[in-house]
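Student: Please pick one part of this model and take me through it closely, then place it beside the other features that you think belong in the same account.

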Amino acid sequence: MISTGPGLKTSVWEWKGLRVNKIEFEGVTFDERDMLPGEIAQQAGEPLDPEKVRESTRRLFDSGRYRDITVRGVRQGDGMTLIFAGTPRYYVGRVTITGVKSARLMSLLTYATKLNAGTAYTDTSIPAGTEGIKEMLKQQGYHESKVYVGTTLDKVNSQINIVYNIDIGPQARIGMVTVESPDLGMTLEQFRKKGKLKQGSKVTRDTTSTALSKLRSQYQKQDRLEATVSLQKQTYVESRRQLDYHFHVNQGPEVKVLVEGVKVSRRRLHLLVPIFEEGTIDNDLLNEGKHNISDFVKQQGYFDAQVNVKVIGQDTPNERVVFTVDRGIKHKVIAVDLKGNKYFSDDILRERMQVKKADAYQRSGRYSPGLVASDVSSIQALYRANGFDEATITTDVKDIDQEGGKPMKVGEISIVYNIVEGQQRKFGAVELAGVNPSRLAEVKSLMNAQQGQPFSLVTLSGDRDAVLAYYLAHGFDQVKVELQLHKEEADPTRTDVTLAVAEGQQVFVERVLLSGLDFTRPKIAESQILMHPGDPLDQTALLETQRKLYGLALFNEVLTAVQNPTGNAPRKNVLVQITEAKRWNVTYGFGFEAQTGNPGGTIQTNSGNPGAYSPEGRGSVSPRVSLDVSRINFRGTDDSLTLHTTYGLLEQIAILTFQNPHLFGSKNFSSLLSGGYTNIQNITTFASSTLQQDFRVTEKWRRPNTFIYEFLYRRVKVDPNSLRVAPDLIPLLSQPVRVGGPGVTWFHDTRQPSPLNATKGMYFSLQGFLASSKFGSETDFWRLDGTNSTYYQLFHHRYTLARNTRIGYERASGTNPNAGSAVCVGDLLTTNPTCNAVPLPERLYAGGANSHRGFGINGAGPRDLQTGYPVGGSAAFVNTVELRMPPPTLPYVGDSVSFVLFHDMGNVFQNPEDMFPSFLRFHQPDRDTCREVVGVTIGTCNFNYFSHAVGLGARYRTPVGPVRFDFSYNLNPPIYPVIQDYNGKPPYVGEGHNFNFFFSIGQSF
């Protein structure tokens, strides 16, 4: 409302020309930084101009700061004082819901108020919000709730904070259910059961929708496709706190849908014919069903298929919908050629084409006249978007059904797309209009369109978006950018381009109003806010602030908004409203791992189980449960404390971790301090327990590189009851050993589009560790372990060739603690793999689902020369190559399953110098010596060769990553002597398994 006031009407015109000595503002005040008083038309020191006064009044009201405004004047001799008086406008601040425990319900109630932070507050805001809350609570089953409202005026920040206190009351239960129906088709009890309307159950927001959905589905199963189920009314009975429902049902005629001329499964038919989903029969749905069935048949190679539909017995108790298919002769697309294209390559054009040549996945190819027309439109649109206005595309389709006058069993179709590109337009002059000279150079540098370049609408669209983004990031929230194109008369192939910019007013940040911090230190949140008082109001920074605050993992909800969003004010407040997450969190889970070569675990201690002990392990399922307790917002910061526990047959873990994600406030450095206990058996030879303390600092150096610097101590102990090596070495190898020293890890990751399913890029990791007595370690050794993976797209980006190579080295120093054992005397100290100076749990191992799949878990490499169990080594080499194929369309699972062919090769070696000479060695050397098991106390066997495995894998796509099934065949498994068998068998020659299977989540690398 704008009122000129009686003084303006009767006096201002008479005072026209008087000097305005002073301008005052009543009701709405402005500080010295505010630019709005300087933007009004009438200024102090100038003669009074009623038109300028009117314009000033409009400008002040348009700013959004006034609910109403009046103007009056005070005469002072030959001058006057001009006074703008008005009622200030307030805005919605923070809306808080109390009295509700459920975070989900609290969020729904906040949404139901329809009070958006920063928008104008009116007298109807609170009553409307109260009604919205009550309605939402009724939908959730709370019919006796009471809502109390309190407001707090924040005059300084021009906002009103609102608190809704909810007395939620009892939750209604499902009461009586009545049905009005001429023929229900089931008993009332069955109706309740099918609709999940059990009496006494809690009423929720989904009760009604679930009932309607399930009942309609039930009628559809009975071929009542036109059945209608509707809720007529629901009545809350306060005395019994129950909600009674009254439904109306008409089950309609029995409708049979038949397909003649081709076999279609019932499940497929439900997907193809939409009348099953829509629950009605009309011409549009029948025609859509015809189209879908036609496409389905044509995908099988019957490109001339004709489909007709008719409804028999319409408006009778029994209806039939019959689709009649005339498949015609089967065809195969033998060629799809492109001719005349010079500017675009075949690959670029084929990416936009739907007609496909027959291949291993589409045995007949893909073709229809409609698809050909669509391809022509797509190719033409691409050319015209790049300046080829006169480009024409014609097609030549050859359909051969006969050979030598006789019908062919499978017809052949070839398609040629003939392209006449024509002359290409180019950019002429590229200009910017309406840009302030101070910004002209900066804005122009954002543009890719340059004079003489090929004309492209895609380029122009990108330039327009870049200019818009620039202005929005600099506070011009009302900016407009228009493209103006003009062909040059002198050269029709050139097009002049002008980007006409209407900048509008630049808006700056007045204040940043941060709220909602109860436990979090303000500086933690403030460090993530990218806008500050006096900065241009950057819409992009507003969204980025929200993203960064969510990235702290401390808040359930982060709302960023601009106060007075529709007002034309030069300075505006920015609202950052935060809802903190629960500081304590408990998560638990259950899972399992299935594969061959699983260690025996606790079962191997059962001497009454024949065959429980096996150097090759056994195929089995290992269940596990996990329980994690975490405390975030530790000491009011983004530090966290987590207790991670896992219990299973093969591992028991309890680790306490303190994490600081921003070390000393740096965004590139984080630190972690952890300690705990692990008891793991991930090899058939032994189970080990570890007490460990670890301090690490992680540095994110540029985008693809990550460095981890750590210092750790661990006390490793091998369970003597689980140890399956030469008995003379059990006392030595089961002694607790303290290992300590520094380590460095480097990760370089450029995998795209994601690490879970990479199709291109590279991954590299290098881990180094030094255990030394100088750091308190009881054993001295160093280790380097590197991994490199690469990914390549093949055959028009449909296949992915993935390769992973791992090379590991380890070297011990100092006295070998096993030197005094009888099985390590003389040359045996260097030839018996078990006598390695490095403690058993610290050696290098390979084998398993994420390593060499020709072996069970950690089953590759040297073995104990008395028991035949794997004992690891000092060098490891594993190379894996996978051909990941595109998913075919299969029954029931669609395109969710893809297949992989893989080849794994490599081994673990006792000595590093044995690794590379073994590269071309396919057969295990000196196999005859491995067979000498009679009359000896310790065997002799050479494991220095490369083992090869080939296999087939399946990947089932899920939201958490692919579920993986791998089946492998080891082409050259090792043999080894077993002199002393823990099952009491006489000496024999053991051999690795040829067949292995693995089940896990995620790609192998």
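Tutor: The answer below starts with one pair of helices and the loop between them, then turns to another helix pair, a proline, a pocket and a cavity. The model is predicted, with local features needing pLDDT of at least 70 and side-chain atom pairs counting only at pLDDT 80 or more, while totals for chains, interfaces and linings use all residues. Residues are numbered from 1 along each chain as its sequence is written, and side-chain values use heavy atoms, without hydrogens and water.

The part to look at closely is the pairing of helix 3, residues 103–112, with helix 4, residues 125–139 (helices are DSSP runs of H or I with at least four residues, strands are runs of E with at least two, and both are numbered from the N terminus). Their axes come within 8 Å and cross at roughly 140° (axes are lines fitted to C-alpha atoms, for helices over the stretch in contact, with angles from 0 to 180 degrees between N-to-C directions). Helix 3 is therefore oblique to helix 4 (under 35 degrees is roughly parallel, over 145 roughly antiparallel, 65 to 115 roughly perpendicular, and the rest oblique). The crossing of these two helices is right-handed (the near helix is turned clockwise from the far one by less than a right angle). On the helix 3 side, Leu105, Leu108, Leu109 and Ala112 meet Gly132, Ile133, Met136 and Leu137 of helix 4 (contact means heavy atoms within 4.5 Å). These residues divide into seven nonpolar, one polar and no charged (Ala, Val, Leu, Ile, Met, Phe, Trp, Tyr, Cys and Pro are nonpolar, Asp, Glu, Lys and Arg charged, and the others, Gly among them, polar).

In the loop between helix 3 and helix 4 sits Lys114, whose phi is near 60°, a positive value in a residue other than glycine. Most residues other than glycine have a negative phi, and most peptide bonds are trans. A cis peptide bond is found between Gln752 and Pro753, where omega is about -5°; Pro753 belongs to the loop between strand 30 (737–749) and strand 31 (761–771).

Helix 12 (residues 437–444) and helix 13 (residues 457–473) form another pair, with axes that come within 11 Å and cross at roughly 135°, which means that helix 12 is oblique to helix 13. Their crossing is right-handed, and the contact brings Arg439, Glu442 and Val443 of helix 12 to Val467, Tyr470 and Tyr471 of helix 13. Here the classes are four nonpolar, no polar and two charged residues.

As for open space, the second largest pocket holds about 1,400 Å³. Its lining has 40 residues, and Asp359, Tyr361, Gln362, Arg363 and Arg798 lie nearest its centre. Helix 7 (266–272), strand 14 (330–339) and helix 10 (346–350) each supply at least two lining residues, and strand 14 gives the largest share, four residues. By class, this lining has 17 nonpolar, nine polar and 14 charged residues. The largest cavity has a volume of about 50 Å³ and is lined by 10 residues, with Pro615, Glu616, Gly856, Ile857 and Gly859 nearest its centre. Pockets and cavities are sets of points on a 1 Å grid over the protein atoms alone: in a cavity a 1.4 Å probe fits but cannot get out, a pocket is open with protein on both sides within 12 Å along at least five of seven lines, and lining residues have an atom within 4 Å of a point. Points are joined across faces, edges and corners, and a volume is the space filled by probe spheres set on them.
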